[in-house]
Each structure stands twice: as structure tokens, then as C-alpha cells.
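Trainee: I have a new model to go through and would like to ask about it as I look.
Mentor: Go ahead, pick any place to start.

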Amino acid sequence: MAAARALRRVLDILYLAGGVVAALFLVAILVIIVLQMLARWTGQTFPGATDYAGYCMAAASFFAFAYALNHGAHIRVSLFLSVLGRHRRWGELWCFGIGAITATFFARYAIKGTYWSWKLGEISQGLDKTPTWIPQIAMSVGTVLLAICFWDHLVRLILTGDHGIRRDLVDQSHAE
């Protein structure tokens, strides 16, 4: 039981770390936009600024996926699940199973795509000329985190009967 609590703590810290990294990428977008504005005001150019902001947006999105899932912030199928009544658990198992399999395949191909971008030396077509594997790393790491999160909640649902998604955010949205 102590090992399960330790694993739970590690996974929750991992999801939180993904959320923190996502927040840092959002701050990076703000910094890039401000720097681009300053460059325009002073008559300078900031080549590739929009490309870098786009990379940061993608990184923020992918790093936030697992954190959002763990906090119940993803679009849920609760309306459908509530109609199932006593069969709700089977619906949740199906949903988490499909989500886990899909996220795992997505992670696999994200990693494979990043590897091939690195191996082939692909360069972005924007002004920045960034090797594409660099921003793709965020997508790969984010999808791996999401797959881990889906499998975590699926296994939890199978073993305990509760998927463990924290409903604090969901409950707050219903209270408003």
C-alpha cells in the first residue's frame, strides 16, 4: 500500500510538472509578443517571432493535456455516462480504454515523427530555420504524459472502481 501511495504521489507530481511547464510556455508566448512589439516600436525586426510563439503554444497545449485530464478539465462525456445508469462503469471503462489506446498510439507516432525529423535534419520553413525536432520534443513528451495519465486512470478504475479524476474543477463549474 505504501508503494501505491508513493506511485500516486509521483504521478500527481508528474502531471503537475506538465501543468507548470505549460504555464511557463504561456509566459514565454507573452515575452515573445512583448519583444516583438518592442522590436517594431524601435524599427527593428524579430525574425521568426511568430514561429517561436507558435512552438510555445503547441508546447503549452501538449504539456497541459495530462494535467487537465487529471483535474477533470477535458471535455467529458458525463451526459452520456449519466444516461447509462447502473452501467456507467462499463461506459467509463470503454472511454478510458479508447482514450488510453489512442493516446498511446499518438505518443508512439509523435516520438517516431520527432526521431525522423532529427534523423533527416528537417528545418522549419519559417524565418527562424529551427530544426523541427526541437519543437516536436514538446509534443512527444506531452503525448507520453497524456498516455500515462489515461492508463493511470484506467487501471485505477479497474482496480478500485473509481477513475480518480479530481472533480474539484468540475464541481466548481456546476456551482456557478
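**Cysteines, cores and helices**

Trainee: Is Cys 56 buried or exposed?
Mentor: Cys 56 is buried, at a relative accessible area of 10%. Buried means under 20% relative accessible area, exposed means over 50%, and partly exposed is in between, with a 1.4 Å probe and protein chains only.

Trainee: Before I go on, what do I need to know about the model?
Mentor: It is a predicted model, where local features need pLDDT of at least 70 and side-chain atom pairs count only at pLDDT 80 or more, while totals for chains, interfaces and linings use all residues. Residues are numbered from 1 along each chain as its sequence is written, and side-chain values use heavy atoms, with hydrogens and water left out.

Trainee: OK, back to the cysteines. How many disulfides are there?
Mentor: Zero, taking a disulfide as a pair of cysteine sulfur atoms within 2.5 Å. Cys 95 is in no disulfide, and the nearest cysteine sulfur, that of Cys 149, lies 15 Å away.

Trainee: Where is Cys 95, then?
Mentor: Cys 95 sits in helix H4. Its relative accessibility is 22%, so Cys 95 counts as partly exposed. From Cys 95 to Phe 150 the C-alpha distance is 9.8 Å, although the two are 55 residues apart in sequence.

Trainee: Any other pair like that from H4?
Mentor: Ile 101 is in H4 too, and its C-alpha is 7.8 Å from that of Ala 147, with their positions 46 residues apart in sequence. Ile 101 has 42% relative accessibility and so counts as partly exposed.

Trainee: Step back a bit. How many helices and strands does the protein have?
Mentor: Six helices and zero strands. These are DSSP runs numbered from the N terminus, helices being H or I with at least four residues and strands being E with at least two. The pattern along the sequence reads α-α-α-α-α-α.

Trainee: And the overall dimensions?
Mentor: The C-alpha trace spans about 65 × 45 × 35 Å along its principal axes. The protein has 176 residues, of which 33% count as buried. Among contacts with a separation of 6 or more, 71% come from residues 24 or more positions apart; contact means heavy atoms within 4.5 Å.

Trainee: What does the largest nonpolar core look like?
Mentor: It has 21 residues, and Phe 63, Leu 69, Phe 96 and Phe 150 have the most contacts inside it. H1 (2-41), H2 (49-70), H4 (88-120) and H5 (133-160) each supply at least two residues of this core. H5 gives the largest share, eight residues. A nonpolar core here is a set of buried Ala, Val, Leu, Ile, Met, Phe, Trp, Tyr and Cys residues joined through side-chain atoms within 4.5 Å.

Trainee: Which residues are in the other core?
Mentor: That core lies apart from the largest one and has five residues, among them Ile 29, Ala 49, Ala 53 and Cys 56.

Trainee: How do H2 and H5 sit against each other?
Mentor: Their axes come within 8 Å and cross at roughly 10°. That makes H2 roughly parallel to H5. The axes are lines fitted to C-alpha atoms, for helices over the stretch in contact, with angles from 0 to 180 degrees between N-to-C directions. Angles under 35 degrees count as roughly parallel, over 145 as roughly antiparallel, 65 to 115 as roughly perpendicular, and the rest as oblique.

Trainee: Which residues meet there?
Mentor: The H2 side includes Tyr 55, Phe 62, Phe 63 and Leu 69, and the H5 side includes Pro 135, Met 139, Leu 146 and Phe 150.

Trainee: What is buried in H1, and what does it pack against?
Mentor: Among the buried residues of H1 are Arg 8, Tyr 15, Gly 18, Gly 19 and Gln 36. The buried residues of H1 pack against H2 and H5.

Trainee: What is the end-to-end span of H1?
Mentor: The end C-alpha atoms of H1 are 58 Å apart, which agrees with the 58 Å expected for its 40 residues. The expected span is 1.5 Å times one less than the number of residues. For the 33 residues of H4, 48 Å is expected and the ends are 47 Å apart, which agrees.

Trainee: Last topic: where are the positive phi values?
Mentor: Gly 43, just after H1, has a positive phi of about 80°. Gly 121, just after H4, takes about 70°, and Gly 161, just after H5, about 85°. Lys 129 is a residue other than glycine with a positive phi, near 55°. Lys 129 lies in the loop between H4 and H5 and is exposed, with a relative accessible area of 51%.
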